[in-house]
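User: I should like to see how the structural terms used for this protein are justified. Please take the sheets and a cavity in turn.

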Amino acid sequence: MSTHNRMPAGVAAGHPDTARIGRAVLAAGGSAGDSVAAMILAGCVSETIFTGLGGGGFATHFDAHSGEVTCHDFFVAVPGLDGSTPAAGRGISVSFGGVAVPYDVGGATVAVPGTPVGVEALHRAHGRLPWAQVVMPARDLALTGSSFVAAHADLLRDVAAAMVLGAGADAYVVAAPDGSTTLLSADDQLMHIGLAATLDILLESGAQGLMTGAFGHAFVAAVREDGGALSLLDMASYTSQTRKPRTVDFGDATLHLRGNDLDDVAGTLARLDKEALRADDASRALALVAALQGQAVRSDTTSVVAVDRDGNACAATHSLGLGSGIWVAGVHGNSMLGEGELLRGALVPGERMGSMMSPLVATNARGELVFAGGAAGGSRIRAALLQVLGSVLVEGMELPQAIARPRLAVGGSTVHLEPGFAPGVAEALAAAAYDVRHWDGAKPYFGGVSAASVTGPSADPRRGGLALLL
């Protein structure tokens, strides 16, 4: 492989603590795979409003020497290999974009977690540092706690009904001396009691020691006591999967992505009118909305990316939904079985659940890496990726400007607009029979992109992210 167009080494993540850990791993001689594995675990400490060890995700890895791209699937699986069936979940109401939506929590919503196994598999396949150097930074962060960033504090008010259940109240609720309580605010310390000890198990005994040892038994017991179908057999049988990526031409680049996401990011990119992106602002917005038409799906996620000194790159997106309210030793159980729009088709025990997550890499005609990254934000993942990729790979915009650029999101016939769109965009959308909703600022609702390009890494200000060069 040529090294002529090698991207700068660095990281981008949705939380400053996560990014700092990723860069420290690179500085210690770690690979992009090491760095992303460490950042996934760090996110399970600092970004628990979005993710955790009780969830799952995906990673896409680019090998600079061979040009090979590998997709790693460690998303949650359907429980019930022992024949168990779940009871009904418990409905709550949370808010996305100011609109209340139904959501189920409880043991019945917990699918088989994949993050511990997936992080270990990513390290085995692409890492070069000892396992301890990948796990210890997150474990140390769990001991001290992590600063709660403003973007997370704002979102917590919308999703508190899911986050403060059970032991979540200990982490996200602050008690005043007079007995009153408030939700965690920006710059408060986020601490999950027991999480450092859980990460010690992962460090010392590996993923299987966590999944099938004392923690795994306690996790399964808590889920089953609350009506869930999760079994020890489900936990012991879970494996991370690898597959070749789907490719799609986009501008002058070739995108490599997993290709079986529920929102069909690859298909959306393929049908986008690229010429319209280079036209006036109204034409660009209409083309984006036309390509994005489809069913909206709830969920939330976080995304990280790393490029190492050798030009290898890894992008990952991981999530636990909003969380089930089942907490064990600092770990929040995922709620993927409670997200109705993810339940498409038969649920077969042991098989993966569907997801919108789609971390990807892009290469040029010489096979050189020109982009790596992913997006968080559930149903807004596709929209966020489409807009950033179009800005960078078709319009030629610098990555930081592309990520900060005003963003739109589509839900049915409604188009949500951040401030800053050119005059005439809203009018053109309204003339095309769309309902236009104007937002008062750039918000986490519109997705969070963490990416790297030939100019370096960049993280989304909407999620309080941070990018660092090595």
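Analyst: The discussion below concerns a predicted model and sets its computed values against the terms applied to them.

User: What makes β19 and β20 a pair, and in which sense do the strands run?

Analyst: Two strands count as paired if there are at least two bridges between them. β19 and β20 have 4 bridges, in the antiparallel sense, and therefore meet that criterion. One such bridge joins A409 to its partner H416 in β20. The hairpin of these two strands has 2 residues between them, and G412 there takes a positive phi near 65 degrees.

User: How do you know that β20 and β21 are paired, and is the sense parallel or antiparallel?

Analyst: The cut-off is again at least two bridges. Strand β20 (residues 414-417) and strand β21 (residues 435-438) share 4 bridges in the parallel sense, so the pairing holds. Residues of β20 that face β21 include H416, which stands opposite R437, and L417, which stands opposite H438.

User: Why is the pairing in the sheet β19-β20-β21 called mixed?

Analyst: Strands of a sheet may pair either parallel or antiparallel. Here β19 and β20 are antiparallel, whereas β20 and β21 are parallel. The open sheet of 3 strands is accordingly described as mixed.

User: Which strands are the edges of this sheet, and what packs on it?

Analyst: β19 (408-411) and β21 are the edge strands, each pairing on one side only. From one strand to the next, the twist averages 25 degrees. Helix α12 (residues 281-292) packs on the sheet and touches β19 and β20, its direction making about 40 degrees with that of β19.

User: What makes β20, α15 and β21 a β-α-β unit, and which hand does the unit have?

Analyst: The unit consists of β20, helix α15 (residues 425-431) and β21, and is right-handed. The hand is assigned because, with the strands pointing away from the viewer, the path from the first strand over the helix to the second runs clockwise.

User: In the open sheet of 7 strands, what is the order, and which strands are its edges?

Analyst: The order is β10-β3-β2-β14-β13-β1-β24, with antiparallel pairing. β10 (241-243) and β24 (466-469) each pair on one side only, which makes them the edge strands. The twist averages 10 degrees from one strand to the next. Within this sheet, β13 and strand β14 (residues 313-319) pair over 6 bridges in the antiparallel sense, with C314 in β14 as the bridge partner of A306. Helix α3 (residues 115-126) lies across β2 (56-62), β3 (69-74) and β14, at about 155 degrees to β3.

User: Why is the enclosed space by G14 and T302 called a cavity?

Analyst: A cavity is a space where a 1.4 Å probe fits but cannot get out, so the term denotes an enclosed void. The structure holds 6 cavities of 30 Å³ or more. The second largest has a volume of about 70 Å³, and G14, T302, G448, S450 and R463 lie nearest its centre among 13 lining residues.

User: Which strands supply its lining, and what is the lining's character?

Analyst: β13 (302-307) and β22 (448-453) each supply at least two residues of the lining of the second largest cavity. β22 gives the most, with 3 residues. The lining divides into 4 nonpolar, 6 polar and 3 charged residues; glycine is counted as polar in this division.

Note on methods. Residues are numbered from 1 along each chain as its sequence is written. This is a predicted model: local features need pLDDT of at least 70, side-chain atom pairs count only at pLDDT 80 or more; totals for chains, interfaces and linings use all residues. Side-chain values use heavy atoms; hydrogens and water are left out. On a 1 Å grid over the protein atoms alone, a cavity is a set of points where a 1.4 Å probe fits but cannot get out, and a pocket is an open set with protein on both sides within 12 Å along at least five of seven lines; lining residues have an atom within 4 Å of a point. Grid points are joined across faces, edges and corners, and a volume is the space filled by probe spheres set on the points. Axes are lines fitted to C-alpha atoms, for helices over the stretch in contact, and angles run from 0 to 180 degrees between N-to-C directions. Contact means heavy atoms within 4.5 Å.
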